[in-house]
Amino acid sequence: MYNHFINPKNKKGHINPELQGHFSEHLGRCIYEGLYVGENSDIPNVNGMRTDVVEALKEIKIPVLRWPGGCFADEYHWKDGIGPKEKRKKMINTHWGGVVEDNSFGTHEFMELVRQLGCKSYVNGNMGSGTVQEMSEWVEYMTFNGVSPMADLRKENGHEEPWTVDFFGVGNENWGCGGNMTPDFYGNMYRRYQTYVRNYDPKHPIFKIACGANAEDYDWTDGVCAAAFRKAEWQHGFMDGISLHYYTLPGDWGNKGSATDFGEKDWYRTLSKTLFMEELIERHAAILDKYDKDHKVGLIVDEWGTWYDVEPGTNPGFLYQQNTVRDALIAGINLNIFNKHCDRVRMANIAQLVNVLQSVILTEGKKMVKTPTYHVFNMYKYHQDAELLDSFVETEKIGAEEKYQVPNLTESASLGKDGKIHVTLTNLSSTDAYDLRTVLADTPVKSVEAQAVTGSMQAHNTFDAPETVTAKEFGDYKVKDNEISIKVPARSVLHLAIEI
């Protein structure tokens, strides 16, 4: 029996909805075929956006969407993607698959997708191969409500009113595909470029995000902050957030491992590497604490998720992979970690939305399937805009290889806007169910509703069998006073909605 304690009276922080954000890049079949099929497609669509995908994403209450990349953003020139589609420039997507990018999905199309989804916009600017003027003019084009060359151009292209840009990334992976810069050089470039990301609407200022580190490159975070926070009167280094990228690989970059053909050792190695996210957040946050003692600057984990070898027979540059119960656990673990660190983590964006890496949706022609990861997000949506509660679970280490041992359980708990306590639990064991005693301090439980995502390690959904792994009603628990006794299944992610 493992004890799990929740103190409903001790609120630890606010969980931004954006912790469950998503990422869409011009990569493989994420944008084209996945999100956008064009207005003349026989696949049902509204203004070119796939109706089935949009409706599925609205169900999980997608809070924010990042676009156009990723490495694609580092060579994306936004003026190529506006105006009549037959006149838009074509280019080769040199980063991803060497295919022709016809720019039929550009700024207007992205903002239309955001409108249909009802989510916030996160636009990533091009510092790698773009100029200050180009970035400045893009912000003007999107957000200026008045007379100016770029506002007039937007109106000529059919959109009279400006859009709202909620988040703007000033560069992407500038330590690598975004220009191979040094931290100090980027920090100074960031100060220059962000100056021209103007807040044309003072009622809705743009949240500016600096390019942060790749995984455990702590020197990058420290160097960028040292440059950006050079004088005390320049508060918060001109930034509202700084990013962090970390992908979970069972193997290494040369041999990442299969998405579906793996055994118990791979199971625990992958989960162990996922749990490294917590150390990354804590150590990068500690560096931020030196420069930003008031916690004004958010840590933005805008690329995370699993990265496996591509599915056999697919374009290696398209990064198309299947999604199993293992990925469901990885999603649950990461989302619990983000909740627990909501004081510093203000947004996170899983990579990527459709047909790429750890996607929540796969498409094939007219067919669409929701992945196990999708069903985890659908359970976790009740944490959005909730208050993190003080909670703790007793655990033990499991896994045959000492180097890759993991705690058997992870959890987070929040007080939702619906007045219920929402608890999310993951059981990392590949074989064992656990008896868990959840105790709510001085708080009687009126009722509980529960769902679980579980299955064999390799279980996944296909276009022929789309419901193999879903969130199913869970009833293996008992309630007495302020305690809930739960039998947590092996290889599972649970959500409890507790009425108090």
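**Close-up views of a predicted model**

**View 1. The hairpin of S14 and S15.** Leu 362 stands opposite Val 369, a residue of strand S15, in a structure that is a predicted model throughout this set of legends. The two strands concerned, S14 (residues 361–364) and S15 (residues 367–370), run antiparallel and are joined by four bridges. Two residues lie between the strands of this hairpin, and Gly 365 takes a positive phi near 60° there.

**View 2. The closed barrel of eight parallel strands.** Eight strands close into this barrel, with parallel pairing, and their order is S2-S5-S8-S9-S10-S11-S12-S13. On average, and with direction ignored, neighbouring strands of this sheet are turned by 30° against each other. The pairing of strand S2 (residues 21–23) with strand S13 (residues 345–351) is parallel and extends over three bridges, and Phe 23 stands opposite Ala 351 of S13. Helix H5 (residues 183–195) packs on the sheet, where strand S9 (167–170) and strand S10 (207–214) are touched by this helix, and the direction of H5 makes about 165° with that of S10. Helix H2 (residues 107–117) lies across strand S5 (64–67) and strand S8 (120–125), and runs at about 155° to S8.

**View 3. Strand S9 between its two partners in the barrel.** S9 pairs with S8 in the parallel sense over four bridges, and in this pairing Tyr 122 stands opposite Phe 167 of S9. Four bridges also join S9 to S10, and these two strands run parallel, with Phe 168 standing opposite Lys 208 of S10. How are the faces of S9 covered, and by which residues is this shown? Both faces are covered, as Phe 167 and Gly 169 on one side are buried, and so are Phe 168 and Val 170 on the other.

**View 4. The open sheet of 10 strands.** The strands of this open sheet follow the order S23-S22-S26-S20-S19-S16-S1-S21-S25-S24, and their pairing is mixed. Strand S23 (471–473) and strand S24 (477–480) are the edge strands, each of which pairs on one side only. Neighbouring strands here are turned against each other by 25° on average, direction ignored. Within the sheet, S19 and strand S20 (residues 421–427) pair in the antiparallel sense over seven bridges, and Ser 412 stands opposite Thr 424 of S20. Helix H8 packs on the sheet and touches strand S1 (2–15), S16, S19, S20, strand S22 (447–454) and strand S26 (492–499), while the direction of H8 makes about 50° with that of S19.

**View 5. Asn 336 on helix H8.** Asn 336 lies in helix H8. Is Asn 336 buried or exposed? Asn 336 counts as buried because its relative accessibility is 2%, whereas the cut-off for a buried residue is under 20%. With residues up to four places away in sequence not counted, Asn 336 touches Tyr 380, Thr 410, Glu 411, Ser 412, Thr 424 and Thr 426; two of these, Ser 412 and Thr 424, are the residues that stand opposite each other in the pairing shown in View 4.

**View 6. The largest pocket.** The largest pocket has a volume of about 590 Å³, and of the 33 residues that line this pocket, Asn 214, Tyr 246, Tyr 247, Leu 249 and Trp 253 lie nearest its centre. Strand S11 (241–248), helix H7 (264–291) and strand S18 (406–407) are the elements that give two or more residues to this lining, and H7 gives the most, with four residues. By class, the lining of the largest pocket consists of 18 nonpolar, seven polar and eight charged residues.

**View 7. The second largest pocket.** The space in the second largest pocket amounts to about 230 Å³. Glu 278, Lys 340, Leu 409, Thr 410 and Glu 411 are the closest to the centre of this pocket among the 14 residues that line it. At least two residues of the lining are supplied by each of H7, helix H8 (325–340), strand S16 (386–393) and strand S19 (409–415), and the largest share, four residues, comes from H8. The lining of the second largest pocket divides into seven nonpolar, four polar and three charged residues.

Definitions and conventions
Residues are numbered from 1 along each chain as its sequence is written. This is a predicted model: local features need pLDDT of at least 70, side-chain atom pairs count only at pLDDT 80 or more; totals for chains, interfaces and linings use all residues. Side-chain values use heavy atoms; hydrogens and water are left out. On a 1 Å grid over the protein atoms alone, a cavity is a set of points where a 1.4 Å probe fits but cannot get out, and a pocket is an open set with protein on both sides within 12 Å along at least five of seven lines; lining residues have an atom within 4 Å of a point. Grid points are joined across faces, edges and corners, and a volume is the space filled by probe spheres set on the points. Ala, Val, Leu, Ile, Met, Phe, Trp, Tyr, Cys and Pro count as nonpolar, Asp, Glu, Lys and Arg as charged, and the others, Gly among them, as polar. Two strands pair if DSSP finds at least two bridges between them. Axes are lines fitted to C-alpha atoms, for helices over the stretch in contact, and angles run from 0 to 180 degrees between N-to-C directions. Contact means heavy atoms within 4.5 Å. Buried means under 20% relative accessible area, exposed over 50%, partly exposed in between (1.4 Å probe, protein chains only).
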